[in-house]
Amino acid sequence: MKSPNAARRSQRAHRAILEAAYELALDRGPAKVTIDAIAARAGVGKQTIYRWWPSKGALLLDVLADAVGAVSEMPDTGDVVADLTTQMTAVTDLFRSDFARFYTGLIAEAQADDAVARGLAEQLVDRAEGPRRQRLEKAQRDGQIRADVDIAAAAEALYAPLYYRLLLRTAPLSVDHVHAVIDAALRGARPSPA
């Protein structure tokens, strides 16, 4: 009789832990989730969780990275407006899903936990901001954005309105809002017609 593949079993346990942490964070909010509860829901021992993550915050940050996945990728069709529209619409769709409850809860937790705050900033900078800025820099080199535009400021001007609506709930997130933000942010960044 063949013994079960340890690597496959390990992958299943890893996936079960990420899913359990996400579900519990949605149900209770990240602050009220415990390692004990995650272990029970995932059907693993606490030691299995601590083998991969040093803390609940580190685990929740991996849940964030897992959930964001391909949404952080930035297309490059040669048209910066089309690419921003595609990517920002994907972010908007994610923010309109159940993920929003998890994400806003994690942002709230980051206000009181420096490790979560640092990890969240690293996730945003490394996974999302880097590709966005690179795409805007390429658009700048291609002449779609003026050479004197501060790319970091342009990226913030594009994405901050999405977070503003997500966190403060001033208005619904929508594709129309994405189009309005891109138009407002890039109008001043576009080169003047010759």
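What is the volume of the largest pocket? The legends below begin with that pocket.

**View 1. The largest pocket of the predicted model.** The volume of this pocket is about 160 Å³. Helices H7 and H8 are the elements that each give two or more residues to its lining. The largest share, 5 residues, comes from H8. The lining consists of Leu-124, Glu-129, Arg-133, Ala-155, Glu-156, Tyr-159, Ala-160 and Tyr-163.

**View 2. The cavity found in the structure.** A search of the whole structure yields 1 cavity of 30 Å³ or more. The largest cavity has a volume of about 140 Å³. It is lined by 15 residues, of which Val-68, Tyr-103, Leu-124, Ala-128 and Tyr-163 are the closest to its centre. At least two lining residues are supplied by each of helices H4 (56-68), H5 (80-95), H6 (99-110) and H7. The largest share, 5 residues, is that of H7. Leu-124 and Tyr-163 line this cavity and also appear in the lining of the largest pocket.

**View 3. A nonpolar patch on the surface.** Tyr-164, Leu-167 and Leu-168 make a nonpolar surface patch of about 310 Å². Leu-167 belongs to helix H8, which spans residues 151-168. Leu-167 counts as partly exposed because its relative accessibility is 40%, and partly exposed residues lie between the limits of 20% and 50%.

**View 4. Confidence along the chain.** The mean pLDDT of the chain is 90, and 96% of the residues score at least 70. Among the elements, helix H2 (residues 35-42) has the highest mean pLDDT, 97, whereas helix H7 (residues 114-141) has the lowest, 87. Helix H7 is also the element that gives the largest share of the cavity lining.

Conventions
Residues numbered from 1 in each chain as written. Predicted model: local features only at pLDDT ≥ 70, side-chain atom pairs only at ≥ 80, totals over all residues. Heavy atoms only, no water. pLDDT = per-residue confidence, 0-100. Helix = DSSP H or I, 4+ residues; strand = E, 2+ residues; numbered from the N terminus. Patch = residues over 30% accessible without salt bridge, like charges linked within 9 Å, V, L, I, M, F, W, Y side chains within 5 Å. Areas by Shrake-Rupley, 256 points an atom, 1.4 Å probe, with all protein chains shown as cover. Salt bridge = Lys/Arg side-chain N within 4 Å of Asp/Glu carboxyl O. Buried < 20%, exposed > 50% of the residue type's maximum accessible area, 1.4 Å probe, protein only. 1 Å grid on protein atoms, 1.4 Å probe; cavity = no way out; pocket = protein on both sides within 12 Å on 5 of 7 lines; lining within 4 Å. Points joined across faces, edges and corners; volume = space filled by probe spheres on them.
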